[in-house]
Amino acid sequence: MLKTILVTGGAGFIGSNFIRFVLTEKPDATVINLDLLTYAGSLENLRDLPSADRYTFVKGDICEQEKVANILRERNVDTIVNFAAESHVDRSIHSPGVFIQTNIFGTFSLLEAARKVWLEENKQGQQDVRFHHISTDEVYGSLEPGDPAFQESNPYSPNSPYAASKASSDHLVNAYVHTYGLPATITNCSNNYGPYQFPEKLIPLIILNAVDGKPLPVYGDGKQVRDWLYVEDHCKAIWAVLEKGMVGESYNIGGENQPTNLEIIHTICSILDEKIPNLPYTPHKQLITFVTDRPGHDRRYAMNIDKIRTELGWTPDNELRKGLYATVEWYLKNKEWIKRIHEKPTYQDWLDENYSKRG
Ligand code: NAD
Ligand code: DAU
């Protein structure tokens, strides 16, 4: 295991950070990146990869079962890490169909390819292969103030079409463990932030709008709580599960940083005030604009990470302000990346649609 890794969705935010982490830190591993390059995926995210000889890109859809099966056969893949998904909650509210197709049917298709090639053709077992599925804290639903943080034993109670599609995919993974003995694990992670995140998500959107002097849209009252994790910490947690995780188990991953959205936005504004004090929109918090809330907006997420900490020895390294500082610096430095992402027609379509709906 962990010699030849098929990463799906490796041109997206977390997948590209994971590939960079593996190629930098794990010299024995080879990576094949299967990505459809949807609006969210970009080879720009992988321009500076450290080791091209241990890396191959294949453009393709995880729903194409035979294509995936051929990659598993031809490349002797022993590990699959499934990041590929539609990942944005707002989009799942506007257009749920593609979330069902990619997140549910796509995961099913990957599981089938792995079952056929690994279990039926090659008769491989727990020591030989591993299917790792990347999931989210949103499968647990929403917490009220004062509720204890989500544990792995919490019942699933997803609220958005995105969360429901991820919950379904988790159930399929577990069904393949129990029914066919497929050696699989799942991680449920909280909100990630850091370099290469597509600027539809809160943190990069706020940074880029603030730099441009555009409104900083706050949904509803802005008192919703998310549990923020620096993406590099997520990559390390996934590796810990690949190396030491138990087949059939799920592991919660989180940052133990739980500010309100307004607090996060204020922190970003203060970092920008400090780093670029001479802009006309300083203090940047004057750009904060309250807009119509997201329908069915989950109020609070918080992850209990005792299991991964005690059983696998993983713990987050980056405290929130430090991670936000690094993220702001990355977006200020990487103007060419931002320009290329902004030029993508799908980005402009999303901006028009989102702002026309929220007013
Ligand atoms: P992203 O939207 O940035 O990237 C998704 C990638 O998947 C893109 O490169 C896209 O081209 C690719 N993709 C989409 N459909 C595909 C298909 N049918 N076949 C092949 N590739 C396809 O997403 P992200 O934020 O990097 O999230 C990655 C994974 O982590 C997702 O499964 C998401 O549910 C999960 N997750 C994300 C977060 C977060 O905060 N971003 C937190 C917890 C879990
Ligand atoms: O919790 C994990 C999830 O985190 C992942 O599974 C998802 O893939 C990922 O997109 C993220 O979902 P969120 O909906 O929490 O992330 P988003 O960045 O869209 O929003 C974070 C919070 O900020 C949420 O409460 C909505 C709010 N928000 C978001 C945007 C884009 C705003 O107030 N204004 C905005 O413009």
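Biologist: Which residue places a polar side-chain atom 3.0 Å from an oxygen atom of ligand 2?
Modeller: This is a predicted model, and the contacts around ligand 2 can be taken one at a time. An oxygen atom of ligand 2 is 2.9 Å from a polar atom of tyrosine 219, but that atom belongs to the backbone. Arginine 294 does use a polar side-chain atom, although its distance to an oxygen atom of ligand 2 is 2.6 Å. The residue whose polar side-chain atom lies 3.0 Å from an oxygen atom of the ligand is glutamate 138.

Biologist: What percentage of the accessible area of ligand 2 does the protein cover?
Modeller: The shell around ligand 2 holds 23 residues, with Ser87, Asp137, Tyr162, Arg294 and His297 as the closest. On its own, ligand 2 has 690 Å² of accessible area, and the share of this that the protein covers is 95%.

Biologist: Which element gives the largest share of the shell around ligand 2?
Modeller: By class, that shell divides into nine nonpolar, eight polar and six charged residues. Helix 6 and strand 8 are the elements that give two or more residues to it. The largest share, three residues, comes from strand 8.

Biologist: Which residue has a side-chain N or O atom 2.8 Å from a nitrogen atom of ligand 1?
Modeller: Two contacts to oxygen atoms of ligand 1 can be set aside, since they involve backbone N or O atoms: glycine 12 at 2.9 Å and threonine 38 at 3.0 Å. The contact to a nitrogen atom of ligand 1, at 2.8 Å, is made by a side-chain atom of aspartate 61.

Biologist: How much of the area that ligand 1 exposes when taken alone does the protein bury?
Modeller: Around ligand 1 there are 28 residues, of which Ile14, Asp35, Ser87, Tyr162 and Lys166 are the closest. In this shell 13 residues are nonpolar, 12 are polar and three are charged. Helix 1, strand 5 and helix 5 each supply at least two of the shell residues, and the largest share, three residues, comes from strand 5. Taken alone, ligand 1 exposes 830 Å², and the part of this that the protein buries is 97%.

Biologist: Is asparagine 188 buried or exposed?
Modeller: Asparagine 188 is found in strand 6, which spans residues 184-189. Leaving aside its neighbours within four places in sequence, its contacts include Ser135, Tyr156, Ser250 and Met303. Because its relative accessible area is 0%, asparagine 188 is classed as buried.

Biologist: With which side chain does the side chain of asparagine 188 make a polar contact at 3.2 Å?
Modeller: One polar contact of this side chain runs to a backbone atom, with the oxygen of threonine 136 reached at 3.1 Å. The contact at 3.2 Å joins the side chain of asparagine 188 to the side chain of aspartate 170.

Biologist: Which helix gives the most residues to the largest nonpolar core?
Modeller: That core has 31 residues, and those touching the most other members are Ile203, Leu216, Ile264, Ile265, Ile268 and Leu324. Helix 6, strand 8, helix 8, helix 10 and helix 11 each supply at least two of its residues. The element that gives the most, with seven residues, is helix 8.

Biologist: How many residues make up the other core that lies apart from this one?
Modeller: In the largest core, isoleucine 264 touches Leu202, Ile203, Trp228, Pro259, Leu320 and Leu324, not counting residues up to four places away in sequence. The core lying apart from it includes Leu72, Ala113, Phe131 and Val173, and its number of residues is 26.

Notes:
Residues numbered from 1 in each chain as written. Chains lettered and ligands numbered in written order. Predicted model: local features only at pLDDT ≥ 70, side-chain atom pairs only at ≥ 80, totals over all residues. Heavy atoms only, no water. Core = buried A, V, L, I, M, F, W, Y, C linked by side-chain atoms within 4.5 Å. Buried < 20%, exposed > 50% of the residue type's maximum accessible area, 1.4 Å probe, protein only. Helix = DSSP H or I, 4+ residues; strand = E, 2+ residues; numbered from the N terminus. Contact = heavy atoms within 4.5 Å. Near = heavy atom within 4 Å. Polar contact = N/O pair within 3.5 Å; in protein donor to acceptor, adjacent residues only side chain to side chain. Areas by Shrake-Rupley, 256 points an atom, 1.4 Å probe, with all protein chains shown as cover. Nonpolar A, V, L, I, M, F, W, Y, C, P; charged D, E, K, R; others polar.
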